[in-house]
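Q: Got a minute to go through this one with me? I'd like a quick tour.

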Amino acid sequence: MTVQEPPVEPVPDPVPLMGCPYKANPYPLYERMREVGPVHRVLFPSGVHAWLVTGYDAAHAALGDDRLGKNHDRGNDRWRARASIMPEPQHSQLQVHLLHQDPPKHTRMRRFVTDAFTPRRVERLRPRCQELAGALVDALPEHGPADLVTGFAAHFPFQVLAEVIGLPRELAARFDRDWGKVVQPVGPTDPGRPLYEARLHGLQSYIADVVAHKREHWDDDLLSRLVVARDRRELSQEELDSMIFQLLVAGQEPVTNQITTALIALFRNPDKLASLRDEPELLPRAVEELLRFDSAFELTTWRFFDEESDLHGTEIPAGDSVIVSLCAANRDPRRFPDPNTLDFDRSPNPHLAFGHGIHFCPGAALARAELQIALGTLLARLPGLHLAMRDEDIEWIPAVLGRGTNHLPVGYDRRL
């Protein structure tokens, strides 16, 4: 007797990627989409339609597909009319960074930043990063409760970043974390657009102050080297400002969010939290699994074909946006057995949390170290650490491309 497989539940066309239930837990939807096929037409809150890649093999291939370009000039008029992108003139002034460039321009620009984030340099910085993490825990209440976003996760990655890129203390103190929300652009008709544009103007003025300061006070650091490259005409003014923009925003906000997603995963798996607290030598493997399990970079930024092209059996019009779901790929059972289980012994673990190909995150080694230090410090110094709210009441950020929360109330027995 032949046993028939249950029918695959269909998904709508387009698939809406919006709403609180989706942001709280997108994985059941991603599972349904993977079962139907690797590429789906989706609808974002701004009203823009895109093509989402979900399976691991398809995602890995798309991230290395040189037919797909990142420059927004490749986008067609349908995409541009509704896409949640920066308005002009800021788009031309701040979006000329690595995430939106293709070779050979991308290759030329990337070489200016890679030396600052090498694994060897990151290892030399570990003691200083540990000092920064320890000082933030020192400032937490002696006994809980506390908010680990406002009290720790919102500050630690930025403090580390300032050390790495050479942002002076007086300028670091002026940075407004709300400026980081400009990586969550809203559409041209969104009622939040005026506030978004105000943050954009504030950040642009801040970047100008950073450049002026580094020109007056040169040092052997990344920011100074970028300013020198501009003065030597190796970078345009737009490229310089855009690269500083990317460093200040993409260099810290995703790590803040990843600390929160990792902690939430541990709170939901108290046996794993206990094992990590008791066996800190597990941290490197645990961080890799936490990155796979719930990545703060849920979706990649836009990619485009120059001409109508086939993508895993789906015809994609020229200039339509193609987006890869890193979170969906990282839960694909064809690549990761029992993917919805948090398994610190998972090996190999070729997750895509930092992307793949020429746009692989240049700060991956630093992010890994930050996560290991952050989690290790919090678990070691806050015995009895637990979530101090109902899991279903966690408010996930409404960012289109990312996952995390702006508030994470916790309790603990005492601060060691």
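**Helix H13 to start**

A: Sure. This is a predicted model. Take helix H13, residues 237-250: at 1.5 Å a residue, its 14 residues should span 20 Å. The end C-alpha atoms lie 19 Å apart, which agrees.

Q: Is H13 mostly covered or mostly open?
A: Mostly covered. Eleven of the 14 residues in H13 are buried. Among them are Leu240, Met243, Ile244, Phe245 and Leu247. Glu239 and Asp241 are on the buried list too.

Q: What covers the buried residues of H13?
A: Several helices, including H5 (90-94), H6 (105-110) and H9. H11 (193-216), H12 (222-231) and H14 (253-268) also take part.

Q: Switching to pockets. What volume does the second largest pocket have?
A: About 450 Å³. Helices H7 (119-138), H9 (156-165) and H10 (169-174) each give two or more residues to its lining.

Q: Which gives the most to that lining?
A: H9, with four residues. The lining has 20 residues in total. Nearest the pocket centre are Phe158, Gln159, Ala162, Arg169 and Ala172.

Q: And how does the lining split by class?
A: Nine nonpolar, four polar and seven charged residues.

Q: Now the strands. What's the order in the open sheet of three?
A: E5-E11-E10, with antiparallel pairing. The edge strands are E5 (146-147) and E10 (386-387), and each pairs on one side only.

Q: How many bridges join E5 to E11?
A: Two. E11 covers residues 409-411. One partnership to look at: Asp147 has Pro409 in E11 as its bridge partner.

Key: Residues numbered from 1 in each chain as written. Predicted model: local features only at pLDDT ≥ 70, side-chain atom pairs only at ≥ 80, totals over all residues. Heavy atoms only, no water. 1 Å grid on protein atoms, 1.4 Å probe; cavity = no way out; pocket = protein on both sides within 12 Å on 5 of 7 lines; lining within 4 Å. Points joined across faces, edges and corners; volume = space filled by probe spheres on them. Nonpolar A, V, L, I, M, F, W, Y, C, P; charged D, E, K, R; others polar. Expected span 1.5 Å × (residues − 1). Buried < 20%, exposed > 50% of the residue type's maximum accessible area, 1.4 Å probe, protein only. Contact = heavy atoms within 4.5 Å. Pairing = 2+ DSSP bridges.
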